[in-house]
Amino acid sequence: MTEAFSLLFAAALSLTLCLKLWLGWRHIRHIAQRRDRVPDAFRDSITLEQHRHAADYTIAKTRLGLLSAWVDTALIAAFTFGGGLQWLAILSMQWFANPLLSGMALIVLFAMISSLISLPFSLYGTFGIEVRFGFNKMTPGLYLLDQLKGIGLSIAIGLPVLAIVLWLMNIAGPSWWLWVWLVLCAVQLLGLVLFPILIAPLYNKFWPLQDEALKARIDALLSRTGFRSNGIYVMDGSRRSSHSNAYFTGFGAGKRIVFYDTLLEKLSHDEIEAVLAHELGHYKRHHISKRIAVAFSLSLLFLALLGQLLHAPWFYAGLGVATPGTAMALLLFMLATPAFTFPLTPLSSRSSRKHEYEADDFASEQTRADDLICALVKLFRDNGTTLTPDPIHSAFYDSHPPAALRIQHLKGNQA
């Protein structure tokens with residue numbers, strides 16, 4: 001059983017890497033071949049220079065993603081078949097005799113090594129690609145401060161949650177996975193409530209929308225759609241990037257509407273209202289609650305599966321580990337599962353794209369479809385979104401429909 005599982009995991013890991021590389025190179029080739037011609041649907045709104053800029057930006061990011069895929073795969077192989085996790089387990093047990101503390105040390109060591117290896121990709125993405133294409137506004141000092149804040153949040157929130165999870169895995173008996181699931185669900189729901197109040201302000205400044213004319217239009221939209229908000233805020237997104245966005249945050253009565261300051265600078269009032277109507281569509285069509293329900297259901301399924309593997313010797317030995325334990329089982333499961341589930345990614349992407357179309361339909365009912373089309377074209381242009389993604393790559397990865405299909409769908413709503 002051990003050898004069979006080792007071969008199965010090696011095959012799944014190799015297949016996942018090959019699939020990522022094939023999709024990435026398809027995407028690059030498809031975009032490069034169409035780099036010098038603006039699609040007909042955008043010829044009046046996107047210049048050839050802007051189209052080439054978006055193509056080159058997407059190709060650069062995709063190439064970085066391909067290199068990252070190689071490194072991630074090598075890292076997983078080193079941690080499993082290469083004995084990396086076994087070495088970390090021995091080291092953590094030498095530091096701490098208490099199983100709970102040694103388990104936490106094991107996971108912290110793994111996280112630290114993984115973060116250090118991924119750091120060059122983050123740095124190059126931020127200060128290489130984003131700078132080269134004119135999107136980055138972040139200084140090295142601000143980047144470092146963000147990293148330190150992330151570490152602080154991991155210590156303040158992540159470590160206590162990890163301790164509770166490992167403690168329950170050790171003392172809650174055969175049904176530990178159900179108790180862990182309940183705790184994790186509660187933590188995620190609490191995070192939705194606390195994020196806009198405590199966490200988001202650590203990274204960005206927020207202030208109430210000052211434009212009274214725009215605020216009146218938004219209040220009217222909220223009123224006729226029956227949406228209750230805890231405030232309309234502007235965020236200093238320009239502090240880090242020239243990319244634009246708008247989003248809802250919070251949960252229940254604490255929901256907030258947040259606009260990037262860059263979005264307010266680029267769009268007209270009509271276009272902003274249309275973008276907000278799209279975001280409202282996600283709530284009115286219950287997309288948020290559906291996604292939470294799916295996430296909770298999948299986490300329950302995976303925890304139940306981990307419950308079956310926790311005491312299976314072949315699971316540890318097949319992944320190069322001779323020291324079973326709750327923390328080790330959790331780490332191995334986190335490393336091994338993506339290799340088996342990656343081919344299912346298109347199912348999630350398809351569901352997300354369906355929700356985007358439904359939100360566009362809602363926006364077309366509440367505002368003019370033309371306004372949303374104009375807003376999307378500006379966002380595609382200013383965010384460097386390629387207009388010619390590879391169809392297979394897009395179907396596999398993209399949570400939003402390609403630009404041309406989305407515009408075509410909205411034009412159909414005008415009929």
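Reader: In the largest nonpolar core, which residues touch the most other members?

Author: This is a predicted model, so what follows describes computed positions. The largest nonpolar core holds 48 residues. Helix α12, residues 326-341, gives the most to this core, with 10 residues. The residues that touch the most other members are L85 and F315.

Reader: And F315, what is it in contact with beyond its neighbours within four places in sequence?

Author: Start with burial: F315 is buried, and so is F5. Once the neighbours within four places are set aside, the contacts of F315 are F5, L309, A329, L332 and F333.

Reader: How many residues are in the second, separate core?

Author: Look away from the first core for this one, as it is separate. Among its members are F227, F259, L267 and A403. Its residue count is 36.

Reader: Back to α12: how many of its residues are buried?

Author: Helix α12 has 16 residues and reaches 22 Å from its first C-alpha to its last, close to the 22 Å expected at 1.5 Å a residue. The buried ones include T326, A327, L332 and F333. That makes α12 mostly covered, and the number of buried residues out of 16 is 12.

Reader: L85 came up earlier. Which helices do the buried residues of α3 pack against?

Author: Helix α3 runs over residues 84-95, and its 17 Å reach is close to the 16 Å expected at 1.5 Å a residue. Its buried residues are G84, L85, Q86, L88, A89, L91 and S92. Those residues pack against α2 (48-79), α4 (99-132) and α12.

Reader: What kind of ring pair do F5 and F315 make: stacked, tilted or edge-to-face?

Author: The count of aromatic pairs comes to 15. In this one the ring centres of F5 and F315 are 6.0 Å apart, with the planes at 45 degrees. Planes under 30 degrees apart count as stacked and over 60 as edge-to-face, so the F5 and F315 pair is tilted.

Reader: How many residues apart in the chain are F5 and F315?

Author: The pair links distant parts of the chain. F5 sits in helix α1 (residues 2-33), while F315 sits in helix α11 (residues 313-317). Ring pairs also link F5 and F315 with W314 and Y316 into a cluster. The separation in sequence between F5 and F315 is 310 residues.

Reader: Then there are the rings of F302 and F333. Is that pair stacked or edge-to-face?

Author: F302 lies in helix α10 (residues 287-309) and F333 in helix α12, so their pair ties together parts that are 31 residues apart in sequence. Their ring centres are 6.2 Å apart and the planes stand at 65 degrees. With over 60 degrees as the cut-off, the F302 and F333 pair is edge-to-face.

Reader: Is F302 buried or partly exposed?

Author: Its ring partner F333 is buried, with a relative accessible area of 10%. Buried means under 20% and exposed over 50%. F302 has 29% relative accessibility, so F302 counts as partly exposed.

Reader: Where does UniProt place the feature "active site"?

Author: The annotation comes from an unreviewed UniProt entry. The positions are spread over 82 residues of sequence, yet they cluster in space, with a largest C-alpha distance of 8.7 Å. UniProt places the feature at E279 and D360.

Reader: Is E279 buried or exposed?

Author: E279 is found in helix α9, residues 269-284. Leaving aside neighbours within four places in sequence, E279 is in contact with A246 and F248. Its relative accessibility is 18%, under the 20% cut-off, so E279 counts as buried.

Reader: What is the relative accessibility of D360?

Author: D360 is found in helix α13, residues 345-366. D360 counts as buried because its relative accessibility is 0%.

Reader: Which residue's side chain makes a polar contact with the side chain of N383?

Author: N383 lies in the loop between α14 (369-382) and α15 (391-397). At 16% relative accessibility, N383 counts as buried. Not counting residues up to four places away in sequence, N383 touches Y57, F135, H243 and S244. The polar contact, at 3.4 Å, is with the side chain of H243.

How values were computed: Residues are numbered from 1 along each chain as its sequence is written. This is a predicted model: local features need pLDDT of at least 70, side-chain atom pairs count only at pLDDT 80 or more; totals for chains, interfaces and linings use all residues. Side-chain values use heavy atoms; hydrogens and water are left out. A nonpolar core is a set of buried Ala, Val, Leu, Ile, Met, Phe, Trp, Tyr and Cys residues joined through side-chain atoms within 4.5 Å. Buried means under 20% relative accessible area, exposed over 50%, partly exposed in between (1.4 Å probe, protein chains only). Helices (H or I, at least four residues) and strands (E, at least two) are DSSP runs, numbered from the N terminus. Contact means heavy atoms within 4.5 Å. A polar contact is a pair of N or O atoms within 3.5 Å; within protein, one must be able to donate a hydrogen and the other to accept it, and residues adjacent in sequence count only if both atoms are side-chain atoms. The expected span of a helix is 1.5 Å times one less than its number of residues. UniProt positions are given in the numbering used here, feature names are shortened, and annotations may be inferred rather than shown by experiment. Rings of Phe, Tyr and Trp (its six-membered ring) pair if their centres lie within 6.5 Å; planes under 30 degrees apart count as stacked, over 60 as edge-to-face and the rest as tilted.
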